[in-house]
Every structure is written in C-alpha cells, then in structure tokens.
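Please find below a colleague's note, set out as numbered points, to be read beside the model.

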Amino acid sequence: MGAQWKAKGKAAAADARGKLFGRLAKDIMVAARGGADPASNSRLRLVVEQARKVSMPKETLERAIKKGAGLTGETVHFEHVMYEGFAPHQVPLMVECLTDNVKRTAPEMRVLFRKGQLGASGSVAWDFDHVGMIEAEPATPDVDAETAAIEAGAQDVEPADDGATLFLTAPTDLDLVSRALPGHGFTVLSAKLGYKPKNPVDPANLSAEQLEEVESFLAAIDAHDDVQNVFVGLAG
C-alpha cells in the first residue's frame, strides 16, 4: 500500500475502472500539450500505452489526444496540484490532483481532510522519495526481476499486486527503463512518476478499527473527481 493506495473489493474495482479511464484521459490531455504524436512525445507515449493496456476505447483515447493538443478548437487547461497531510492516526499521504479550477478543489480538499490533517506544502513531502514507478509482469516464468532491474537501469524492485513487479527508477530514467524492460523479459503495464514513503507506518501498530478509519478516509479522498493519485505512507 505504501507506493500507491488502491481501492479494494470487486465493486470498488469496477467503479475504479470508470475513474481510471477519466484519469487517464486527463493525463493524456496534459501530455498531448507537448505534441500529438506519441513517437516524438515520450510522456504521451507512456500514458497511451497504459491506456491501451487497460482497454480504454480507441475513440476516447484519440479524442483526449486531439483535445489536449488543441486540435478540436477546445481550450483545455488542467493545473497540477499536490496536497500533503495525514490520514487518521498520523498516516502520511500525498494527494496528486489535476484540476481546471483550483478555487473549487482547494476547499473541497480541506473538507475531505477534516478527519485527518491537511499540511502546508513540504510538510510531508520530505518523508517521501520522488521516483519513477513501473509496474510490469514477467513475459516468461523464468525471468529474474532483480537481474532485469540491474540490466534495465532501475534503482530498486519490489513485489506488486497480482504477481506483477514494481520497478523503481530515478524520475529522469522512467522512459528509458520502461523502454528497456521488454528486452529483459518483462511486459510493462504502467509507468508514471510517483512518491514512495521513506518511513511507512506499520499496519500492525494500528487496530482493526483504526485501519478501517484510514481506509474510509483514503476512499473518500480517492473518490474526488480531481484526484489522480494517492500516495500513502502505510507499509504492506
């Protein structure tokens, strides 16, 4: 849970799929500002590959690219905003938003953080490393993740959900490593910049009731339309 919080359960997963398409469309529109051709826009290429892997409809994907690149005549402006603070029981988190109206998003975030604690910029960021996060799965059963990480230029590797592997990179190496991994036996599922906690809270130190309070708080944050990613300092 430390790298990025994800909703649990089948119903939550189904609901999360719709949210995922919406969030990817935003990422695509922002990336497409740098050009509508993924071949010459590495940031766009990474997001487009992720969208295809989760079966985003082709027309939705293409519309987002054209809209972001200004090819539809529509004005698209999303501002990237980070909110830092604590969930209940002093669990640190960083909330990444893309919003077209900060004056709307900021007070709504303050309301959502009432059961936790909203901090000033930098109040929690010091306890997280800014890294590239590449989720990949082995193309064949005999590949070794640690060897692949070394040869592809990743800094670290750790288990991810559903048998996948999370490769951690320097932010500037994200595209380079994601391009190299297929040559070392791994199929890239997603690649993005994110935040990894340095000192995550051990869930064993929280009661079942306290963990439920944390989960409820995170679910409410994650459900907000402007939230792209929630990075949480909770181990496991």
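The points that follow take up the basis of the model, one helix, two sheets and one pocket.

1. This is a predicted model, in which local features need pLDDT of at least 70 and side-chain atom pairs count only at pLDDT 80 or more, whereas totals for chains, interfaces and linings use all residues. Residues are numbered from 1 along each chain as its sequence is written, and side-chain values use heavy atoms, with hydrogens and water left out.

2. Helices (H or I, at least four residues) and strands (E, at least two) are DSSP runs, numbered from the N terminus. Helix α2 (residues 42-53) has 12 residues and should span 16 Å at 1.5 Å a residue, which agrees with the 17 Å between its end C-alpha atoms; the expected span is 1.5 Å times one less than the number of residues. Buried residues of α2 are Leu-44, Arg-45, Leu-46, Val-47, Val-48, Gln-50 and Ala-51, where buried means under 20% relative accessible area, exposed over 50% and partly exposed in between, with a 1.4 Å probe and protein chains only. Just after α2, Ser-55 has a positive phi of about 65 degrees.

3. One open sheet has 4 strands in the order β3-β1-β2-β8, paired in the antiparallel sense, two strands being counted as paired if DSSP finds at least two bridges between them. Its edge strands, each pairing on one side only, are β3 (117-119) and β8 (227-232). Within this sheet, β1 (residues 79-87) and β2 (residues 91-99) are joined by 9 bridges, and Glu-84 has Met-94 in β2 as its bridge partner. Helix α7 (residues 208-222) packs on the sheet, touching β1, β2 and β8, and its direction makes about 155 degrees with that of β8; contact means heavy atoms within 4.5 Å, and axes are lines fitted to C-alpha atoms, for helices over the stretch in contact, with angles from 0 to 180 degrees between N-to-C directions.

4. A further open sheet of 4 strands, also antiparallel, follows the order β5-β6-β4-β7, with β5 (156-159) and β7 (186-197) at its edges. Its twist averages 25 degrees from one strand to the next. Strands β5 and β6 (residues 165-169) are joined by 4 bridges, and Glu-158 stands opposite Leu-166 in β6. Helix α5 (residues 145-152) packs on this sheet, touching β5, β6 and β7, at about 25 degrees to the direction of β6.

5. The second largest pocket is lined by 24 residues, and Arg-43, Glu-96, Leu-174, Lys-192 and Leu-193 lie nearest its centre. The largest contribution to this lining comes from α2, with 5 residues.

Notes: 1 Å grid on protein atoms, 1.4 Å probe; cavity = no way out; pocket = protein on both sides within 12 Å on 5 of 7 lines; lining within 4 Å.
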